[in-house]
Amino acid sequence: MAETTAIPIAPEVTLLRGHAAPTGPLVAAIGRIAAQAPFRQLSTPGGGTMSVAMTNCGPWGWHSDRRGYRYVELDPLTGARWPPMPAPFARLAREAAALGGFPGFEPDACLVNRYVPGAQMGAHRDWDELDKRFPIVSVSIGLPAAFLWYGATRRGRPLVTLVEDGDVVVWGGGARAGFHGVRKLQAGEHPATGALRYNLTFRRAK
Ligand code: MD3
Ligand code: FE
């Protein structure tokens, strides 16, 4: 693993620029995960459909439908367990968390997001996990995107950080409750992913 500069972008939010590069092996692993647990656009409790397509690997997978948001052990689409978390994914998450100031992180869920141009993620916080003392680790792959950090409230102007292929963001502690989102993806071409962006978010769900 290349050494990385840890850039604090807000209290307890650390950007590890390029820490997950090269991302080719991650893209290949995503392809194997999606062959077992296909990407799908989830419904929200409000009746909408998310523009980001999702799948999961690891013991627990994040799911949304008319009944709400929750972690499930079986993929509702196939009835099967989620594909196992590849060992290099778990190692990347653990090492990044430690660099971000959160040693001892062992994720049991990895949400895989797939963005096409025009897809976006509105301001929200990741709040379906049992123990909020664990951080979240996010890995950006492919086309660049604008991360939006709102902090304690979803009102007001967010801090905008451009994240690129291989960038890793770790947030925990007080920032664990922070509202965040992703601005609408712009069209482009990336050697690792073509016209797409992927994001891995590693969580401790249970
Ligand atoms: C830290 N995913 O799946 S990671 C999610 O890129 C989710 O797909 C996003 O939010 C994605 O729940 C982003 C989280 C994130 C977003 C913005 C930030 C972390 C941030 C801005 C500043 C610092
Ligand atoms: Fe989130």
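**Figure 1. Arg133 is exposed in this view, with a relative accessible area of 68%.** The model shown here and in the other views is predicted. Arg133 counts as exposed because its relative accessible area of 68% is over 50%. Its side chain meets that of Asp131 in a salt bridge, with a distance of 2.8 Å from N to O. Asp131 has a relative accessibility of 22% and is partly exposed. Elsewhere, salt bridges that share partners join Asp126, Glu129, Arg176 and Arg203 into one network. In general, side chains of opposite charge can pair when their charged atoms come close.

**Figure 2. The iron ion (ligand 2) is held between three protein donors, His124, Asp126 and His180.** The donor atoms are NE2 of His124, OD of Asp126 and NE2 of His180, and they lie 2.1 to 2.2 Å from the iron ion. Along the chain, these donors follow the spacing H-x1-D-x53-H. Are His124 and Asp126 buried or partly exposed? His124 is partly exposed, with a relative accessible area of 22%, whereas Asp126 is buried, at 5% relative accessibility. The two residues fall into separate classes because the limit for buried is under 20%. Asp126 also belongs to the salt-bridge network with Glu129, Arg176 and Arg203.

**Figure 3. The largest pocket holds about 620 Å³ of space.** It is lined by 37 residues, and those closest to its centre are Met121, Gly122, His124, Asp126 and His180. Among these central residues are His124, Asp126 and His180, which are the protein donors of the iron ion (ligand 2). Which strands supply at least two residues each of the lining of the largest pocket? They are strand 6 (109–115), strand 7 (121–124), strand 9 (145–151), strand 10 (159–163), strand 11 (168–171), strand 12 (179–182) and strand 13 (197–203). By class, the lining consists of 19 nonpolar, twelve polar and six charged residues. Empty space of this kind is revealed in general by rolling a probe the size of a water molecule over the atoms.

**Figure 4. Arg17 and Asp167 form a salt bridge between distant parts of the chain.** The closest N and O atoms of the pair are 3.5 Å apart. Arg17 lies in the loop between strand 2 (13–16) and helix 1 (24–36), and Asp167 lies in the loop between strand 10 and strand 11, so that the partners are 150 residues apart along the chain. Arg17 is partly exposed, with a relative accessible area of 39%. Asp167, by contrast, is buried, at 3% relative accessibility. How many salt bridges does a search of the whole structure find? The search finds nine.

**Figure 5. Asp65, in strand 4 (residues 61–65), pairs with Arg70.** The side chains of Arg70 and Asp65 meet in a salt bridge with an N to O distance of 2.7 Å. Asp65 counts as buried because its relative accessibility of 17% is under 20%. Arg70 is partly exposed, with a relative accessible area of 23%. When neighbours within four places in sequence are left aside, Asp65 is in contact with Ser43, Thr44, Pro45 and Arg70.

**Figure 6. Leu99 lies in helix 2 (residues 87–99) and touches Leu16 and His19.** These contacts leave out residues up to four places away in sequence. Leu99 is partly exposed, at 47% relative accessibility. The C-alpha atoms of Leu99 and Leu15 are separated by 9.8 Å, although the two residues are 84 places apart along the chain.

**Figure 7. Two backbone features are shown here, at Glu12 and at the bond from Ala21 to Pro22.** Most residues other than glycine have a negative phi, and most peptide bonds are trans. Glu12 is not a glycine, yet its phi is positive, at about 65°. This residue is placed in the loop between strand 1 (6–10) and strand 2, and is partly exposed, with a relative accessible area of 41%. Is the peptide bond from Ala21 to Pro22 cis or trans? The bond is cis, with omega near -5°. Pro22 lies in the loop between strand 2 and helix 1, and Arg17 is located in that loop as well.

Note on methods: Residues are numbered from 1 along each chain as its sequence is written. Chains are lettered from A and ligands numbered from 1 in the order in which they are written. This is a predicted model: local features need pLDDT of at least 70, side-chain atom pairs count only at pLDDT 80 or more; totals for chains, interfaces and linings use all residues. Side-chain values use heavy atoms; hydrogens and water are left out. On a 1 Å grid over the protein atoms alone, a cavity is a set of points where a 1.4 Å probe fits but cannot get out, and a pocket is an open set with protein on both sides within 12 Å along at least five of seven lines; lining residues have an atom within 4 Å of a point. Grid points are joined across faces, edges and corners, and a volume is the space filled by probe spheres set on the points. Helices (H or I, at least four residues) and strands (E, at least two) are DSSP runs, numbered from the N terminus. Ala, Val, Leu, Ile, Met, Phe, Trp, Tyr, Cys and Pro count as nonpolar, Asp, Glu, Lys and Arg as charged, and the others, Gly among them, as polar. A salt bridge is a side-chain nitrogen of Lys or Arg within 4 Å of a carboxyl oxygen of Asp or Glu. Buried means under 20% relative accessible area, exposed over 50%, partly exposed in between (1.4 Å probe, protein chains only). Donors are N, O and S atoms within 2.8 Å of the metal (3.2 Å for Na, K and Ca); water is not among the atoms, so sites may look incomplete. Contact means heavy atoms within 4.5 Å.
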